[in-house]
Amino acid sequence: MFNNKSQTIPEALKNFDQLPDSANVRLPVVCGLFACSKATIWRHVRTGLIPKPRKLSNRVTGWQVGELRKSLALTSEVKGV
């Protein structure tokens, strides 16, 4: 899931439960939350399973934690977890 350059878990993923809903996280954290590849994340964004990210700056895209939590809750309900 994580590339060879960095096999460590991002701090934001380790502490996801403590982040405020208004916080933003980057793609590696979203990959870890949904346990899938970058390509699958973008495919799920296109189909609406994962919320669209926001442009935080010219070269930075991030997802709002509150929106990801809602998406994860819906995913869990669908899977019956």
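A salt bridge is a side-chain nitrogen of Lys or Arg within 4 Å of a carboxyl oxygen of Asp or Glu. In this predicted model, a search of the whole structure finds three such pairs. The tour visits each in turn.

**Arg 69 and Asp 21**

Select Arg 69 and Asp 21, whose side chains meet in a salt bridge with an N to O distance of 2.4 Å. Arg 69 lies in helix α4 (residues 65-79), whereas Asp 21 lies in the loop between α1 and β1 (24-25), so the pair ties together parts that are 48 residues apart in sequence. With a surface display, Arg 69 appears as partly exposed, its relative accessible area being 23%. Asp 21 is likewise partly exposed, at 45%.

**Arg 54 and Glu 67**

Keep helix α4 in view and add Glu 67, which lies in that helix. Its salt-bridge partner is Arg 54, and the closest N and O atoms are 3.0 Å apart. Because Arg 54 belongs to strand β2 (residues 54-57), this contact ties together parts that are 13 residues apart in sequence. Arg 54 has 37% relative accessibility and counts as partly exposed; Glu 67, at 24%, is also partly exposed.

**Lys 14 and Glu 11**

Finally, move to helix α1 (residues 11-14), where both Lys 14 and Glu 11 are found. The two are three residues apart, about one turn of the helix. A distance label between their closest N and O atoms should read 3.2 Å, and the pair forms a salt bridge. Is Lys 14 buried or exposed? Lys 14 counts as exposed because its relative accessibility is 52%, and the cut-off for exposed is over 50%.

Definitions and conventions
Residues are numbered from 1 along each chain as its sequence is written. This is a predicted model: local features need pLDDT of at least 70, side-chain atom pairs count only at pLDDT 80 or more; totals for chains, interfaces and linings use all residues. Side-chain values use heavy atoms; hydrogens and water are left out. Helices (H or I, at least four residues) and strands (E, at least two) are DSSP runs, numbered from the N terminus. Buried means under 20% relative accessible area, exposed over 50%, partly exposed in between (1.4 Å probe, protein chains only).
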